[in-house]
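Student: Got a minute to walk through this one with me? I'd like to start with the strands and then move on to the helices.

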Amino acid sequence: MRRRTGVTLAASVLVVAAGCGLTSGSPMVDDVVPGTIGKGRPLEGADLTITSKEFTEQLILGAIMGIAFQAAGAEVLDRTGIQGSVGTRAAVENGDADATYEYTGTAWITYLGNTKPIPDPRQQWEAVRDADVRNDITWLPPAPMNNTYALAMNQANHKKYGTNTLSEVAELSKSDPGAVTLCVEGEFANRADGLPGLEKAYGMDIPAGNITQMDTGIIYTQTAKGACAYGEVYTTDGRIKSMNLVVMEDDKKFFPNYNAAPMVRTATLDEWPAIASVLAPVTKALTNDVARSLNAKVDVDGEDPHQVALDWMVEKGFVREG
(Lines give C-alpha, C1' and ligand atoms only; values in the text may rest on other atoms or scores of the structure.)
Protein backbone atom coordinates (compact mmCIF):
# COMPACT_ATOMS: atom_id res chain seq x y z
CA MET A 1 0.00 0.00 0.00
CA ARG A 2 1.48 3.32 -0.98
CA ARG A 3 1.53 4.98 2.43
CA ARG A 4 2.85 1.87 4.18
CA THR A 5 5.72 0.89 1.92
CA GLY A 6 8.78 2.42 0.32
CA VAL A 7 10.60 2.98 3.60
CA THR A 8 14.00 2.24 2.05
CA LEU A 9 13.34 4.59 -0.85
CA ALA A 10 11.97 7.27 1.45
CA ALA A 11 14.98 6.92 3.69
CA SER A 12 17.29 7.52 0.75
CA VAL A 13 15.27 10.59 -0.16
CA LEU A 14 15.71 11.82 3.41
CA VAL A 15 19.47 11.50 3.15
CA VAL A 16 19.39 13.89 0.23
CA ALA A 17 16.97 16.17 2.04
CA ALA A 18 19.16 16.17 5.14
CA GLY A 19 22.10 17.35 3.06
CA CYS A 20 20.44 20.28 1.38
CA GLY A 21 17.30 20.93 3.40
CA LEU A 22 13.74 20.91 2.16
CA THR A 23 13.79 24.02 0.01
CA SER A 24 11.05 23.08 -2.42
CA GLY A 25 7.56 24.44 -2.16
CA SER A 26 5.61 27.45 -3.27
CA PRO A 27 3.24 29.90 -1.59
CA MET A 28 -0.45 29.03 -1.69
CA VAL A 29 -2.31 31.91 -3.28
CA ASP A 30 -5.96 30.87 -3.18
CA ASP A 31 -8.27 33.86 -3.00
CA VAL A 32 -10.34 32.61 -0.07
CA VAL A 33 -12.01 34.23 2.92
CA PRO A 34 -13.69 32.69 5.96
CA GLY A 35 -16.93 30.80 5.54
CA THR A 36 -17.93 28.67 8.49
CA ILE A 37 -14.27 28.36 9.50
CA GLY A 38 -11.62 31.02 10.08
CA LYS A 39 -13.97 33.76 11.21
CA GLY A 40 -12.02 36.61 12.73
CA ARG A 41 -8.94 35.32 10.87
CA PRO A 42 -7.30 33.86 14.01
CA LEU A 43 -4.19 32.80 12.09
CA GLU A 44 -3.43 36.31 10.80
CA GLY A 45 0.34 36.75 10.92
CA ALA A 46 1.15 33.05 10.91
CA ASP A 47 3.55 31.58 8.37
CA LEU A 48 2.64 27.91 8.11
CA THR A 49 4.09 25.15 5.94
CA ILE A 50 1.91 22.19 5.05
CA THR A 51 3.09 18.90 3.61
CA SER A 52 1.76 15.57 2.33
CA LYS A 53 2.77 12.36 0.61
CA GLU A 54 2.70 12.09 -3.16
CA PHE A 55 -0.48 10.12 -3.88
CA THR A 56 -3.85 11.58 -4.82
CA GLU A 57 -5.64 11.44 -1.49
CA GLN A 58 -2.71 13.02 0.32
CA LEU A 59 -2.39 15.83 -2.22
CA ILE A 60 -6.08 16.61 -1.75
CA LEU A 61 -5.83 16.51 2.05
CA GLY A 62 -2.77 18.74 2.00
CA ALA A 63 -4.56 21.28 -0.15
CA ILE A 64 -7.62 21.19 2.12
CA MET A 65 -5.45 21.95 5.13
CA GLY A 66 -3.64 24.78 3.37
CA ILE A 67 -6.85 26.36 2.11
CA ALA A 68 -8.30 26.26 5.63
CA PHE A 69 -5.22 28.00 7.02
CA GLN A 70 -5.35 30.67 4.32
CA ALA A 71 -9.01 31.43 5.01
CA ALA A 72 -8.08 31.89 8.67
CA GLY A 73 -5.46 34.48 7.72
CA ALA A 74 -2.19 32.53 7.48
CA GLU A 75 0.45 32.75 4.80
CA VAL A 76 0.91 29.15 3.65
CA LEU A 77 3.87 27.45 2.00
CA ASP A 78 2.93 24.33 0.04
CA ARG A 79 5.38 21.45 0.40
CA THR A 80 2.98 18.67 -0.51
CA GLY A 81 3.95 15.66 -2.59
CA ILE A 82 6.90 14.28 -0.61
CA GLN A 83 7.76 10.76 -1.70
CA GLY A 84 7.04 8.21 1.00
CA SER A 85 5.63 8.26 4.51
CA VAL A 86 8.98 8.58 6.25
CA GLY A 87 9.95 11.74 4.39
CA THR A 88 6.65 13.42 5.21
CA ARG A 89 6.95 12.53 8.87
CA ALA A 90 10.53 13.81 9.01
CA ALA A 91 9.48 17.16 7.53
CA VAL A 92 7.12 17.71 10.46
CA GLU A 93 9.51 16.34 13.08
CA ASN A 94 12.46 18.50 12.03
CA GLY A 95 10.48 21.68 11.43
CA ASP A 96 10.56 21.77 7.63
CA ALA A 97 6.76 21.60 7.81
CA ASP A 98 4.21 22.48 10.47
CA ALA A 99 1.37 20.10 9.76
CA THR A 100 -0.04 17.33 7.60
CA TYR A 101 -2.92 14.88 7.49
CA GLU A 102 -1.47 11.52 8.54
CA TYR A 103 -2.97 8.08 9.15
CA THR A 104 -3.18 6.69 12.66
CA GLY A 105 -2.16 3.18 11.65
CA THR A 106 0.88 4.45 9.77
CA ALA A 107 2.06 6.36 12.82
CA TRP A 108 1.44 3.49 15.21
CA ILE A 109 3.20 0.85 13.10
CA THR A 110 5.70 2.67 10.87
CA TYR A 111 6.79 5.63 13.00
CA LEU A 112 6.24 4.42 16.55
CA GLY A 113 7.43 0.85 15.95
CA ASN A 114 4.44 -1.14 17.16
CA THR A 115 3.46 -4.43 15.53
CA LYS A 116 -0.06 -4.96 16.86
CA PRO A 117 -2.75 -2.48 15.77
CA ILE A 118 -5.52 -1.42 18.16
CA PRO A 119 -8.96 -2.52 16.88
CA ASP A 120 -10.98 0.44 18.18
CA PRO A 121 -10.33 3.49 15.95
CA ARG A 122 -10.67 6.03 18.78
CA GLN A 123 -8.36 4.06 21.04
CA GLN A 124 -5.87 3.72 18.18
CA TRP A 125 -5.84 7.50 17.73
CA GLU A 126 -5.51 8.07 21.48
CA ALA A 127 -2.55 5.68 21.66
CA VAL A 128 -0.81 7.50 18.81
CA ARG A 129 -1.60 10.90 20.33
CA ASP A 130 -0.21 9.90 23.72
CA ALA A 131 2.91 8.21 22.32
CA ASP A 132 3.85 11.09 20.01
CA VAL A 133 3.90 13.73 22.73
CA ARG A 134 7.56 12.89 23.33
CA ASN A 135 8.32 13.69 19.69
CA ASP A 136 6.95 17.25 19.94
CA ILE A 137 4.01 16.21 17.78
CA THR A 138 0.33 16.78 18.57
CA TRP A 139 -2.46 14.76 16.98
CA LEU A 140 -5.76 16.59 16.59
CA PRO A 141 -9.03 14.57 16.54
CA PRO A 142 -9.33 12.15 13.61
CA ALA A 143 -11.62 12.10 10.60
CA PRO A 144 -14.19 9.33 10.10
CA MET A 145 -12.38 8.40 6.86
CA ASN A 146 -10.35 5.22 7.27
CA ASN A 147 -8.11 4.32 4.36
CA THR A 148 -7.49 0.67 5.13
CA TYR A 149 -7.63 -2.65 3.29
CA ALA A 150 -10.87 -4.29 2.19
CA LEU A 151 -12.24 -6.89 -0.20
CA ALA A 152 -14.73 -5.77 -2.82
CA MET A 153 -16.76 -7.35 -5.62
CA ASN A 154 -18.73 -6.21 -8.66
CA GLN A 155 -22.50 -5.91 -8.71
CA ALA A 156 -23.05 -9.12 -10.66
CA ASN A 157 -21.06 -11.23 -8.21
CA HIS A 158 -22.69 -9.45 -5.30
CA LYS A 159 -26.08 -10.43 -6.65
CA LYS A 160 -24.87 -13.99 -7.31
CA TYR A 161 -23.22 -14.66 -3.93
CA GLY A 162 -24.95 -12.14 -1.69
CA THR A 163 -22.04 -11.56 0.67
CA ASN A 164 -21.79 -8.28 2.57
CA THR A 165 -19.31 -9.13 5.33
CA LEU A 166 -16.00 -10.95 5.51
CA SER A 167 -17.61 -13.52 7.80
CA GLU A 168 -20.03 -14.30 4.96
CA VAL A 169 -17.11 -14.60 2.55
CA ALA A 170 -15.54 -17.08 4.97
CA GLU A 171 -18.75 -19.12 5.04
CA LEU A 172 -18.89 -19.08 1.25
CA SER A 173 -15.30 -20.31 1.09
CA LYS A 174 -16.38 -23.38 3.07
CA SER A 175 -19.69 -24.08 1.36
CA ASP A 176 -18.45 -23.37 -2.18
CA PRO A 177 -14.61 -23.24 -2.17
CA GLY A 178 -14.37 -22.52 -5.87
CA ALA A 179 -16.49 -19.37 -5.54
CA VAL A 180 -13.99 -17.37 -3.53
CA THR A 181 -11.35 -16.26 -6.02
CA LEU A 182 -9.11 -13.34 -5.12
CA CYS A 183 -7.15 -10.65 -6.96
CA VAL A 184 -4.54 -9.18 -4.60
CA GLU A 185 -1.19 -7.41 -4.53
CA GLY A 186 1.90 -9.49 -3.86
CA GLU A 187 2.51 -7.58 -0.62
CA PHE A 188 -1.03 -8.14 0.63
CA ALA A 189 -0.71 -11.86 -0.17
CA ASN A 190 2.19 -12.16 2.27
CA ARG A 191 1.72 -9.50 4.98
CA ALA A 192 0.58 -10.45 8.48
CA ASP A 193 -2.01 -7.66 8.27
CA GLY A 194 -2.98 -8.87 4.79
CA LEU A 195 -4.28 -12.17 3.46
CA PRO A 196 -2.51 -14.62 5.86
CA GLY A 197 -3.84 -12.77 8.89
CA LEU A 198 -7.25 -12.34 7.29
CA GLU A 199 -7.56 -16.08 6.66
CA LYS A 200 -6.58 -16.83 10.24
CA ALA A 201 -8.93 -14.26 11.76
CA TYR A 202 -11.93 -15.43 9.75
CA GLY A 203 -11.15 -19.14 9.59
CA MET A 204 -10.64 -19.18 5.83
CA ASP A 205 -8.32 -21.45 3.86
CA ILE A 206 -8.24 -20.15 0.30
CA PRO A 207 -6.51 -22.56 -2.14
CA ALA A 208 -3.42 -21.06 -3.76
CA GLY A 209 -4.98 -21.66 -7.18
CA ASN A 210 -7.80 -19.27 -6.26
CA ILE A 211 -5.42 -16.38 -5.58
CA THR A 212 -4.00 -14.21 -8.38
CA GLN A 213 -1.37 -11.59 -7.61
CA MET A 214 -1.30 -8.39 -9.69
CA ASP A 215 -0.64 -4.65 -9.55
CA THR A 216 -3.06 -2.41 -7.69
CA GLY A 217 -4.65 -0.72 -10.69
CA ILE A 218 -5.27 -4.00 -12.46
CA ILE A 219 -7.02 -5.40 -9.40
CA TYR A 220 -9.77 -2.80 -9.70
CA THR A 221 -10.39 -3.41 -13.40
CA GLN A 222 -10.27 -7.20 -13.06
CA THR A 223 -12.64 -7.13 -10.09
CA ALA A 224 -15.01 -4.87 -12.00
CA LYS A 225 -14.91 -7.31 -14.93
CA GLY A 226 -15.55 -10.25 -12.63
CA ALA A 227 -12.27 -11.99 -13.44
CA CYS A 228 -12.06 -12.64 -9.70
CA ALA A 229 -14.94 -12.68 -7.27
CA TYR A 230 -13.16 -10.48 -4.74
CA GLY A 231 -10.42 -7.89 -5.14
CA GLU A 232 -8.20 -6.23 -2.56
CA VAL A 233 -9.02 -2.51 -2.43
CA TYR A 234 -8.33 0.52 -0.29
CA THR A 235 -11.47 1.79 1.38
CA THR A 236 -11.22 5.43 0.23
CA ASP A 237 -10.14 4.75 -3.36
CA GLY A 238 -12.22 6.64 -5.91
CA ARG A 239 -12.35 3.64 -8.20
CA ILE A 240 -14.68 1.86 -5.78
CA LYS A 241 -17.34 4.44 -6.60
CA SER A 242 -16.56 4.85 -10.29
CA MET A 243 -16.60 1.07 -10.89
CA ASN A 244 -19.65 0.54 -8.64
CA LEU A 245 -17.92 -2.06 -6.47
CA VAL A 246 -19.40 -3.42 -3.23
CA VAL A 247 -17.06 -3.37 -0.23
CA MET A 248 -17.27 -6.23 2.27
CA GLU A 249 -17.62 -5.13 5.89
CA ASP A 250 -14.71 -6.15 8.11
CA ASP A 251 -17.11 -7.30 10.82
CA LYS A 252 -14.39 -8.77 13.04
CA LYS A 253 -12.33 -5.56 12.78
CA PHE A 254 -9.24 -7.37 11.55
CA PHE A 255 -7.67 -4.70 9.36
CA PRO A 256 -5.76 -1.88 11.09
CA ASN A 257 -7.36 1.54 11.41
CA TYR A 258 -5.89 4.19 9.14
CA ASN A 259 -7.99 7.20 10.08
CA ALA A 260 -6.69 10.51 8.74
CA ALA A 261 -5.95 13.12 11.41
CA PRO A 262 -4.03 16.41 11.55
CA MET A 263 -0.47 15.80 12.78
CA VAL A 264 0.93 19.16 13.95
CA ARG A 265 4.24 20.27 15.44
CA THR A 266 3.50 20.98 19.09
CA ALA A 267 5.57 24.16 19.03
CA THR A 268 3.49 25.45 16.13
CA LEU A 269 0.22 24.59 17.85
CA ASP A 270 1.40 26.27 21.05
CA GLU A 271 2.04 29.45 19.10
CA TRP A 272 -1.12 29.23 17.01
CA PRO A 273 -3.70 27.24 19.05
CA ALA A 274 -6.50 28.33 16.70
CA ILE A 275 -5.21 25.71 14.24
CA ALA A 276 -7.24 23.16 16.19
CA SER A 277 -10.56 24.99 15.92
CA VAL A 278 -9.96 25.88 12.25
CA LEU A 279 -9.38 22.26 11.25
CA ALA A 280 -11.90 20.52 13.53
CA PRO A 281 -15.08 20.91 11.41
CA VAL A 282 -13.18 20.18 8.19
CA THR A 283 -11.69 16.98 9.58
CA LYS A 284 -15.07 15.88 10.94
CA ALA A 285 -16.58 16.16 7.44
CA LEU A 286 -14.00 13.85 5.84
CA THR A 287 -15.77 10.50 5.51
CA ASN A 288 -14.96 7.50 3.33
CA ASP A 289 -17.70 8.53 0.89
CA VAL A 290 -16.27 12.05 0.64
CA ALA A 291 -12.75 10.72 0.15
CA ARG A 292 -13.87 8.30 -2.58
CA SER A 293 -15.71 11.09 -4.39
CA LEU A 294 -12.79 13.52 -4.22
CA ASN A 295 -10.23 10.87 -5.17
CA ALA A 296 -12.35 9.83 -8.14
CA LYS A 297 -12.42 13.40 -9.46
CA VAL A 298 -8.64 13.17 -9.77
CA ASP A 299 -7.97 9.52 -10.58
CA VAL A 300 -10.98 8.93 -12.81
CA ASP A 301 -11.97 12.36 -14.15
CA GLY A 302 -8.46 13.79 -14.40
CA GLU A 303 -9.06 16.93 -12.35
CA ASP A 304 -6.34 18.81 -10.45
CA PRO A 305 -6.08 17.76 -6.75
CA HIS A 306 -5.77 21.34 -5.49
CA GLN A 307 -8.80 22.48 -7.47
CA VAL A 308 -10.79 19.48 -6.23
CA ALA A 309 -9.93 20.45 -2.66
CA LEU A 310 -10.87 24.09 -3.21
CA ASP A 311 -14.17 23.21 -4.87
CA TRP A 312 -15.09 20.94 -1.94
CA MET A 313 -14.17 23.55 0.66
CA VAL A 314 -16.34 26.11 -1.11
CA GLU A 315 -19.20 23.65 -1.69
CA LYS A 316 -19.25 22.75 2.02
CA GLY A 317 -19.25 26.43 2.96
CA PHE A 318 -16.04 26.19 4.96
CA VAL A 319 -14.52 28.98 2.87
CA ARG A 320 -15.72 31.50 0.32
CA GLU A 321 -13.84 32.68 -2.71
CA GLY A 322 -12.84 36.30 -2.34
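**Strands, helices and a few residues**

Tutor: Sure. There is an open sheet of 5 strands, ordered E9-E8-E10-E7-E11, and its pairing is mixed. Keep in mind that this is a predicted model.

Student: Which strands stand at the edges of that sheet?

Tutor: Strand E9 (211-213) and strand E11 (246-247). Each has a single partner strand, so one side of each is left without a neighbour in the sheet.

Student: And E10, how many of its residues are buried?

Tutor: 5 of its 5 residues, so to speak the full run of 230-234, and the strand is mostly covered.

Student: Which residues are on which side of E10?

Tutor: Tyr230, Glu232 and Tyr234 are on one side, with Gly231 and Val233 on the other. Both faces are covered, and those residues are all buried. That fits the usual pattern: in a regular strand, side chains alternate between the two faces of the sheet.

Student: In what sense do E7 and E10 pair, parallel or antiparallel?

Tutor: Antiparallel, over 4 bridges, with E7 covering residues 149-153. Tyr149 is the residue standing opposite Tyr234 in E10.

Student: What about E8 and E10, parallel or antiparallel?

Tutor: Parallel there, over 2 bridges, and E8 is residues 182-184. Cys183 stands opposite Gly231 in E10.

Student: How many bridges join E8 and E9?

Tutor: 3 bridges, in the parallel sense. Val184 has Gln213 of E9 opposite.

Student: Switching strands. Is E5 buried or exposed?

Tutor: Buried: 5 of the 5 residues of E5 (residues 99-103) are, so the strand is largely enclosed by the rest of the structure. Ala99, Tyr101 and Tyr103 sit on one side and Thr100 and Glu102 on the other, with both faces covered.

Student: Which sense is the pairing of E5 and E12, parallel or antiparallel?

Tutor: Antiparallel, over 5 bridges, where E12 is residues 260-265. To place one rung of that ladder, Thr100 has Met263 in E12 as its bridge partner.

Student: OK, helices now. At what angle do the axes of H2 and H15 cross?

Tutor: Roughly 50°, and the axes come within 8 Å. H2 is residues 56-71 and H15 is residues 305-315.

Student: What do you call that orientation of H2 and H15?

Tutor: Oblique: angles from 65 to 115 degrees would count as roughly perpendicular and those under 35 degrees as roughly parallel, and H2 and H15 are therefore oblique to each other. The crossing is right-handed.

Student: Which residues meet in the contact of H2 with H15?

Tutor: From H2, Leu59, Ile60, Ala63, Ile64, Ile67 and Ala68. They meet Pro305, His306, Val308, Ala309, Leu310, Trp312 and Met313 in H15. By class, that contact has 12 nonpolar residues, 1 polar and no charged ones.

Student: Let's try single residues. Where does Val298 lie?

Tutor: In helix H14, residues 288-299. Val298 is buried, with a relative accessible area of 13%, under the 20% cut-off.

Student: What does Val298 touch?

Tutor: Not counting residues up to four places away in sequence, Val298 touches Thr56, Ile60, Glu303, Asp304, Pro305 and Val308. Ile60 is 238 residues from Val298 along the chain, yet the C-alpha atoms of the two are separated by 9.1 Å.

Student: And Thr283, buried or exposed?

Tutor: Buried, at a relative accessible area of 2%. Thr283 is in helix H13, residues 274-284. Leaving aside neighbours within four places in sequence, Thr283 is in contact with Tyr101, Pro141, Pro142, Ala143, Pro144, Ala260 and Pro262. Tyr101 there belongs to E5.

Student: Backbone question, then. What is phi of Arg41?

Tutor: Near 45°, a positive value in a residue other than glycine. Arg41 is in the loop between strand E2 (32-34) and strand E3 (47-53), and counts as partly exposed at 31% relative accessibility.

Student: Same question for the other loop residue: what is phi of Asn244?

Tutor: Near 55°, again a positive value in a residue other than glycine. Asn244 lies in the loop between helix H11 (238-242) and E11. At 46% relative accessibility, Asn244 counts as partly exposed.

Notes. Residues numbered from 1 in each chain as written. Predicted model: local features only at pLDDT ≥ 70, side-chain atom pairs only at ≥ 80, totals over all residues. Heavy atoms only, no water. Buried < 20%, exposed > 50% of the residue type's maximum accessible area, 1.4 Å probe, protein only. Pairing = 2+ DSSP bridges. Axes fitted to C-alpha atoms, helices over the stretch in contact; angles between N-to-C directions. Parallel < 35°, antiparallel > 145°, perpendicular 65-115°, else oblique. Left-handed = near helix turned anticlockwise from the far one by under 90°. Contact = heavy atoms within 4.5 Å. Nonpolar A, V, L, I, M, F, W, Y, C, P; charged D, E, K, R; others polar.
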